[in-house]
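Okay, thanks for having me, everyone. Have a look at the model on the screen and keep it open while I talk.

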Amino acid sequence: MQKLFHNRRYMLFLFFIFICIVSGTTFMLAPYGQTGVLLFILLLFVGAVGLFLGTIASLGVTLVLYFVIGSSYFWATLPASIVIQTEIPFFLLVIWMTGLLLIALFSGVCATRVTILFREKELLEEQIRTVVATDPITGFDNASRLMFELEAEFSRSKRYSRTFSFLMFKMRNYDQFRQLYGEMEERRLLHHLSERIYAHTRKSDMRFRVDKDTFAIILTDTPFEHVHIVQEKIDEDIRTFRLRNNKLVTLTFDYGDSHFDDTLENYEDIFVDAKEQVDQNVS
């Protein structure tokens with residue numbers, strides 16, 4: 001965030017310099033009629049090229065104008081239609097050419113900074129969505145946050161020779177449940193699931209709602225042989241759900257599990273392994 005604000009201040013500074021150069025050149029060329037207007041238009045043209053196409057393009061146009069104006073000023077043999085009138089003093093023409101070069105540079109830098117600013121803004125927004133996005137019903141983090149935390153836990157385990165396990169489970173016929181019992185019962189079901197999952201996990205464990213019907217848990221400092229104990233406790237507690245009319249509904253969940261291994265190169269392998277098990281059970 002601080003870097004983003006710094007870039008904004010820097011861009012405003014460059015824009016201020018740009019305006020100062022244009023304003024000073026306008027004041028200088030105002031007394032010279034059509035020739036002054038022509039040079040001012042060329043100045044704006046180079047600035048527009050820099051803003052839209054970048055520094056290289058604006059410098060290229062500047063070099064072409066230097067060549068044309070220099071040739072027109074010193075080569076009397078050129079056709080009169082392209083000769084720049086010499087009623088403007090030579091030192092003012094040199095100042096204008098210097099201003100033209102500065103405009104080319106500053107406009108190109110401004111364009112680059114604007115591009116960087118928008119990229120950093122998009123990156124910041126994506127990071128915010130990843131870090132703070134939580135499911136409003138269950139209070140669990142979302143799938144993007146899951147991958148973020150899974151990568152972090154994977155790195156910690158590698159660095160400090162720790163271990164962790166990963167449990168994923170998916171409810172069968174979730175859409176049918178919603179169609180049959182309605183949105184209110186769906187919300188009650190999700191609250192029920194989140195309460196029971198919290199009850200059978202520790203504060204250090206991380207809980208996620210990966211999809212509307214899929215949940216995952218990162219069990220920190222948990223050996224793989226203990227995952228099935230957690231799975232059995234959770235499944236026993238969530239396999240039945242009491243509706244508002246006191247009717248009991250039996251729910252079915254498909255499970256997949258994985259764990260950290262020193263031989264793994266990528267944290268995503270843990271997620272893929274568990275997800276494949278869930279998908280195989282569903283199919």
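I'll start with the overall picture, then go strand by strand and residue by residue.

So, first thing: this is a predicted model. The protein chain has nine helices and six strands. It has 283 residues, and 40% of them count as buried. If you take contacts between residues at least 6 apart in sequence, 69% of those join residues at least 24 apart.

Let's go to strand E3, residues 214-220. How many residues of E3 are buried? Seven of the seven, so E3 is largely enclosed by the rest of the structure. As a reminder, in a regular strand the side chains alternate between the two faces of the sheet. Here Thr 214, Ala 216, Ile 218 and Thr 220 point one way, while Phe 215, Ile 217 and Leu 219 point the other way. Both sets are buried.

Who sits beside E3? Strand E1, residues 164-171, pairs with E3 in the antiparallel sense, over seven bridges. One of the partners to click on is Phe 164, which is bridged to Thr 220 in E3. Strand E2, residues 206-211, is also antiparallel to E3, with five bridges. There, Asp 211 has Thr 214 as its bridge partner, and a hairpin of two residues takes you from E2 to E3.

Now stay on E3 and find Phe 215. By the ring-pairing rule we get ten aromatic pairs. One of them is Phe 140 with Phe 215, edge-to-face, 6.3 Å centre to centre and with 90° between the planes. That pair links distant parts of the chain: Phe 140 is in the loop between helix H4 and H5, Phe 215 is in E3, and they're 75 residues apart. Both Phe 140 and Phe 215 are buried. They also belong to one aromatic cluster, together with Phe 169, Tyr 198, Phe 253 and Tyr 255.

Two of those names come back when we look at the cores. The general idea, which you all know, is that in soluble globular proteins nonpolar side chains tend to be buried together. In this model the largest nonpolar core has 24 residues, and the ones touching the most other members are Phe 169, Phe 177, Ile 234, Leu 251 and Phe 253. Where do the residues of this core come from? E1, H6, H7, E3, H8 and E6 each supply at least two. Apart from it lies another core, of 18 residues, and that one includes Phe 164, Ala 216, Phe 260 and Leu 264.

Pick out Leu 251 for a moment. Leaving aside neighbours within four places in sequence, Leu 251 is in contact with Met 171, Phe 177, Leu 189, Ile 238, Arg 239 and Phe 241. Leu 189 is in H7, and it's one of the buried residues there. The buried list for H7 isn't just leucines, either: Glu 185, Glu 186 and His 192 are on it. H7 itself has 17 residues and reaches 24 Å from its first C-alpha to its last, close to the 24 Å expected.

Speaking of buried glutamates, here's Glu 153, in helix H5, residues 143-160. Is Glu 153 buried or exposed? Its relative accessible area is 1%, so it counts as buried. Its side chain has a polar contact of 2.6 Å with the side chain of Arg 156. Further along the sequence, Glu 153 touches Arg 162, Phe 164, Met 206, Ile 218 and Thr 220. Ile 218 and Thr 220 take us right back to E3, where they point one way from the strand.

Two backbone oddities before I finish. Asn 173 isn't a glycine, yet it has a positive phi of about 55°. You'll find Asn 173 in the loop between E1 and H6, and it's exposed, at 53% relative accessible area. Then there's Asp 221, also not a glycine, with a positive phi of about 50°. Asp 221 is in the loop between E3 and H8, and at 42% it's partly exposed.

Last stop, Gly 54, in the loop between helix H2 and helix H3. Gly 54 counts as buried, because its relative accessibility is 13% and the limit is 20%. From Gly 54 to Val 109 is 55 residues in sequence, but 7.3 Å in space, C-alpha to C-alpha. Beyond its sequence neighbours up to four places away, Gly 54 touches Val 49 and Gly 108.

Note on methods: Residues are numbered from 1 along each chain as its sequence is written. This is a predicted model: local features need pLDDT of at least 70, side-chain atom pairs count only at pLDDT 80 or more; totals for chains, interfaces and linings use all residues. Side-chain values use heavy atoms; hydrogens and water are left out. Helices (H or I, at least four residues) and strands (E, at least two) are DSSP runs, numbered from the N terminus. Buried means under 20% relative accessible area, exposed over 50%, partly exposed in between (1.4 Å probe, protein chains only). A polar contact is a pair of N or O atoms within 3.5 Å; within protein, one must be able to donate a hydrogen and the other to accept it, and residues adjacent in sequence count only if both atoms are side-chain atoms. Contact means heavy atoms within 4.5 Å. Rings of Phe, Tyr and Trp (its six-membered ring) pair if their centres lie within 6.5 Å; planes under 30 degrees apart count as stacked, over 60 as edge-to-face and the rest as tilted. Two strands pair if DSSP finds at least two bridges between them. A nonpolar core is a set of buried Ala, Val, Leu, Ile, Met, Phe, Trp, Tyr and Cys residues joined through side-chain atoms within 4.5 Å. The expected span of a helix is 1.5 Å times one less than its number of residues.
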